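Please open the model in a viewer and keep the selection tool at hand. The stops below proceed from one selection to the next, with a note on what is found at each.

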2 protein chains.
Amino acid sequence: MNKHALIVAGGSGIRMGQDIPKQFLHLAGKPILMHTIEKFYEYDNEINIVVVLPGSQIIYWENLVDEFSFTIPHKTAIGGTERFYSVKNGLSYISAPSVVAIHDGVRPLVSIETINRCFEAAMIYGNSVPVVTPSDSLRIVTNKGSKPVNRELIKLIQTPQVFDTNKIQTAYNQKFNPAFTDDATVLEKTGEKIVLVEGNVQNIKITTPLDLLMAEELMKRST
Amino acid sequence: MNKHALIVAGGSGIRMGQDIPKQFLHLAGKPILMHTIEKFYEYDNEINIVVVLPGSQIIYWENLVDEFSFTIPHKTAIGGTERFYSVKNGLSYISAPSVVAIHDGVRPLVSIETINRCFEAAMIYGNSVPVVTPSDSLRIVTNKGSKPVNRELIKLIQTPQVFDTNKIQTAYNQKFNPAFTDDATVLEKTGEKIVLVEGNVQNIKITTPLDLLMAEELMKRST
């Protein structure tokens with residue numbers, strides 16, 4: 001089946017406390033976003049890669065591509081004011097029937113195995129979401145106070161979330177709702193049942209300087 | 001009110017993949033456990049500190065105390081085969097009426113503010129548990145599959161958990177139950193309502209080499 005990867009890199013850099021948007025910060029010598037793109041290319045070198053960036057960053061990105069002689073084929077699409085609109089616009093670049101992985105640009109440590117598991121499941125069930133189990137003891141807040149909750153029942157959501165393209169495009173025709181915390185919740189609203197698959201704990205979202213340091217260390221250890 | 005800190009350091013070092021138990025690994029130049037003890041002493045230099053260690057490590061610890069000229073007053077108690085028995089034994093060294101903080105020896109990054117909030121709440125309500133909210137999107141596994149759960153409702157449990165000494169000693173007279181995931185669940189079984197207070201995100205439990213690296217970095221940033 002025809003495979004696509006929609007890599008969403010909407011960060012403005014403010015949360016990182018830096019001028020450079022986080023997706024362009026260097027990890028092991030090159031922008032984070034390049035590592036992320038490479039992972040999908042490594043998974044399948046015929047995959048169609050679309051990178052969604054804020055309009056103001058497109059030229060900056062093209063300059064980085066030149067500077068780093070980055071040759072992995074990809075298209076760019078312009079993001080919106082909310083992640084919802086960025087994904088919606090990115091999806092308009094993708095033709096069905098196919099499957100599409102929607103991935104955070106700042107998750108360069110996704111494993112090839114995770115990408116593969118997500119695509120395999122989505123090709124069978126129509127969608128898939130990679131998750132990991134938290135390592136801490138947990139409680140859940142209730143009306144009466146709080147109670148312990150078995151951590152095996154709580155799943156931390158990662159990306160890539162992979163979807164039948166027709167289904168996710170239809171889902172993104174809904175009106176934006178702040179309860180949409182990820183792409184799976186957008187699809188779920190249409191009545192689809194979400195399929196969880198195993199992610200990888202190293203697949204962290206880089207949003208703070210400490211995350212970046214951790215990612216550097218994880219990369220060293222994985223090579 | 002008379003204050004005690006029971007610092008539980010039962011690690012054998014196996015999970016760290018090292019020969020040295022994790023509580024003795026060096027962080028910023030000295031054993032992790034010394035940093036942890038210092039935090040409670042810094043909070044209140046009249047606090048009564050009891051450190052629970054496996055019997056086989058007591059002499060090793062005493063040698064470290066000499067080697068590092070570690071002068072903070074503390075007693076040592078011998079741990080058991082399960083954390084439950086270690087805490088139970090440690091509690092036998094503590095006299096009521098008083099409040100006791102039970103803390104993981106490998107959480108040296110607890111803040112003074114967290115310790116203070118926990119003691120303050122326990123002196124009013126009889127117990128307190130520091131928690132933080134996860135930063136990831138979450139789902140909860142249900143009979144029918146899974147559903148999103150508001151991450152604000154899920155709390156990651158930390159230590160110190162602080163208790164009215166009489167109440168926690170009584171609770172530890174119960175038979176061991178594998179459902180006891182922390183001290184709060186032991187107390188809760190007696191019918192007490194658990195009180196959640198704000199922890200600090202840096203208060204990580206050091207159980208892997210990567211945690212140790214992260215702790216080094218967090219210490220650098222906090223000074």
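Which side chain meets that of Arg139(B) in a salt bridge? Select Arg139(B) together with Glu188(A): their side chains form a salt bridge, with an N to O distance of 2.6 Å. The coordinates being viewed are those of a predicted model.

**Stop 1: the interface between the chains**

Extend the selection to the contact residues on both sides. On chain B there are 31 residues in contact with 31 residues of chain A. About 2900 Å² is buried between the two chains, and carbon and sulfur atoms account for 66% of this area. Within the share that chain B buries against chain A, 23% is supplied by Ser137(B), Arg139(B) and Leu210(B), more than by any other three residues. Arg139(B) thus appears both in this trio and in the salt bridge to Glu188(A).

The polar side of the interface may be displayed next. Two salt bridges are counted between chain B and chain A, and 10 residue pairs are in polar contact, both residues being at pLDDT 80 or more. On chain B, the elements that each supply at least two residues of the side touching chain A are β8 (138-142), β9 (145-149), β10 (154-157), α6 (183-188) and α7 (209-222). Of these, select α7(B) in particular: with seven residues, α7(B) provides the largest share of that side. Coloured by class, the side of chain B that touches chain A shows 17 nonpolar, five polar and nine charged residues.

Now display the backbone where the strands meet across the interface. Strand β8 of chain A, residues 138-142, runs antiparallel to β10(B), and three bridges join them. Leu138(A) may be selected as a marker, since Leu156(B) in β10(B) stands opposite.

**Stop 2: strand β7 of chain A**

Select residues 127-132 of chain A. All six residues of this strand, β7, are buried. To which side do they point? Asn127(A), Val129(A) and Val131(A) face one way, whereas Ser128(A), Pro130(A) and Val132(A) face the other.

The partners of β7(A) can be shown in turn:

- β11(A), residues 161-164, pairs with β7(A) in the antiparallel sense over two bridges; Phe163(A) is the bridge partner of Asn127(A).
- β12(A), residues 196-198, runs parallel to β7(A) and is joined to it by three bridges; Pro130(A) has Val197(A) as its bridge partner.
- β10(A), residues 154-157, pairs with β7(A) in the antiparallel sense over two bridges; Ile157(A) stands opposite Val131(A).

**Stop 3: Ile37 of chain A**

Move to helix α1 of chain A, residues 32-43, and select Ile37(A) within it. Is this residue buried or exposed? Ile37(A) is buried, because its relative accessible area is 0%. Leaving out residues up to four places away in sequence, Ile37(A) touches Ile7(A), Ile49(A), Val51(A), Trp61(A), Phe70(A) and Ile72(A). A distance label from the C-alpha atom of Ile37(A) to that of Gly105(A) should read 8.0 Å, although the two lie 68 residues apart along the chain.

**Stop 4: salt bridges within the chains**

Over all chains, the structure holds 18 salt bridges. Select Arg83(A) and Asp183(A), whose closest N and O atoms are 3.0 Å apart in one such bridge. This pair links helix α3 (residues 83-91) to helix α6 (residues 183-188) of chain A, across 100 residues of sequence. Arg83(A) is partly exposed, at 30% relative accessible area, whereas Asp183(A) is buried, at 1%. Adding Asp104(A) and Arg107(A) to the selection completes a network of salt bridges with these two residues.

In chain B, select Asp104(B) and Arg107(B): they form a salt bridge with closest N and O atoms 2.8 Å apart, and both residues are buried.

**Stop 5: Thr159 of chain B**

Keep Asp104(B) and Arg107(B) displayed and add Thr159(B), which touches both. Thr159(B) lies in the loop between β10 and β11 of chain B and is buried, with a relative accessible area of 5%. Which side chain is joined to that of Thr159(B) by a polar contact? The partner is His103(B), at 2.8 Å. Beyond its neighbours within four places in sequence, Thr159(B) is also in contact with residues including Ile102(B), Val110(B), Pro130(B) and Asn203(B).

Note on methods:
Residues are numbered from 1 along each chain as its sequence is written. Chains are lettered from A and ligands numbered from 1 in the order in which they are written. This is a predicted model: local features need pLDDT of at least 70, side-chain atom pairs count only at pLDDT 80 or more; totals for chains, interfaces and linings use all residues. Side-chain values use heavy atoms; hydrogens and water are left out. Helices (H or I, at least four residues) and strands (E, at least two) are DSSP runs, numbered from the N terminus. Buried means under 20% relative accessible area, exposed over 50%, partly exposed in between (1.4 Å probe, protein chains only). Contact means heavy atoms within 4.5 Å. Buried area is the accessible area (1.4 Å probe) that two parts lose on being put together, summed over both. A salt bridge is a side-chain nitrogen of Lys or Arg within 4 Å of a carboxyl oxygen of Asp or Glu. A polar contact is a pair of N or O atoms within 3.5 Å; within protein, one must be able to donate a hydrogen and the other to accept it, and residues adjacent in sequence count only if both atoms are side-chain atoms. Ala, Val, Leu, Ile, Met, Phe, Trp, Tyr, Cys and Pro count as nonpolar, Asp, Glu, Lys and Arg as charged, and the others, Gly among them, as polar. Two strands pair if DSSP finds at least two bridges between them.
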